[in-house]
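Hi everyone, thanks for coming. Let me put the sequence and the structure up on the screen, and then we'll walk through a few helices together.

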Amino acid sequence: MSILKKIYDYFEEGMCTIMLSVMILCLSAQVVIRMTLGSSIAWTEELSRYSFLWTVYLGAALVAKKCAHVRVTAQFLKLNDAGRLFFRVLADGIWVCALLFIAWNILPVIEEGFEFPEVSPTMHFAKAWVECVIPFSFALIAWRVVADYYARWKKGTLRTLVRFEEDV
């Protein structure tokens, strides 16, 4: 398996693991230093907060990649597979359009954040770097949803998207 294929397949898992590890290490260091020395390290709290934000947004992309996000589908159980699939594709299409709309429209805000930076108090970098996760993760979620549909369509397994509801 090539390195690019591994990155593509495990990007969200790897990034969430890294960001969660950074957050846990920062918070653990903060607790140990406070308990032993009675003072704190200023940047650990800020870094843990930023890594938490990245973990949440990239975690949303991971959930979308695994098709494990929350859905309310009880209202479609009386429909046949074709009807359920139609509404599933419609809902996901609206979701993907909304994600791309938000990702596109937040880019000028982030550009402005680099042009007129709000500098983080202890780490001294532009907070726009942290905010970059929003359009990135929204575009990644949209990509993963569309890629899943394409893969299922190519295999001929689109109907399996709505059949699992009967197994629950």
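A quick definition to begin: helices here are DSSP runs of H or I with at least four residues, strands are runs of E with at least two, and both are numbered from the N terminus. This is a predicted model, so local features need pLDDT of at least 70 and side-chain atom pairs count only at pLDDT 80 or more, while totals for chains, interfaces and linings use all residues. Residues are numbered from 1 along each chain as its sequence is written, and side-chain values use heavy atoms, leaving out hydrogens and water.

Let's start with H5. Gly156 follows H5, and its phi is positive, near 80 degrees. H5 itself has 23 residues and spans 32 Å between its end C-alphas, close to the 33 Å expected (1.5 Å times one less than the number of residues).

Now H1, residues 3-37. Its 35 residues could reach 51 Å if straight, but the end C-alpha atoms are only 44 Å apart. Where is the kink in H1 centred? On Tyr10, at about 70 degrees (the angle between axes fitted to the seven residues ending there and the seven starting there). After H1 comes Gly38, with a positive phi near 75 degrees.

Which residues of H1 are buried, meaning under 20% relative accessible area with a 1.4 Å probe, protein chains only? Among them are Met19, Cys26 and Gln30. H2 and H5 are part of what covers the buried ones.

Last stop, Thr44 in H2. Thr44 counts as buried because its relative accessibility is 2%. Beyond its neighbours within four places in sequence, Thr44 is in contact (heavy atoms within 4.5 Å) with Cys26 and Gln30.

Notes:
Buried < 20%, exposed > 50% of the residue type's maximum accessible area, 1.4 Å probe, protein only.
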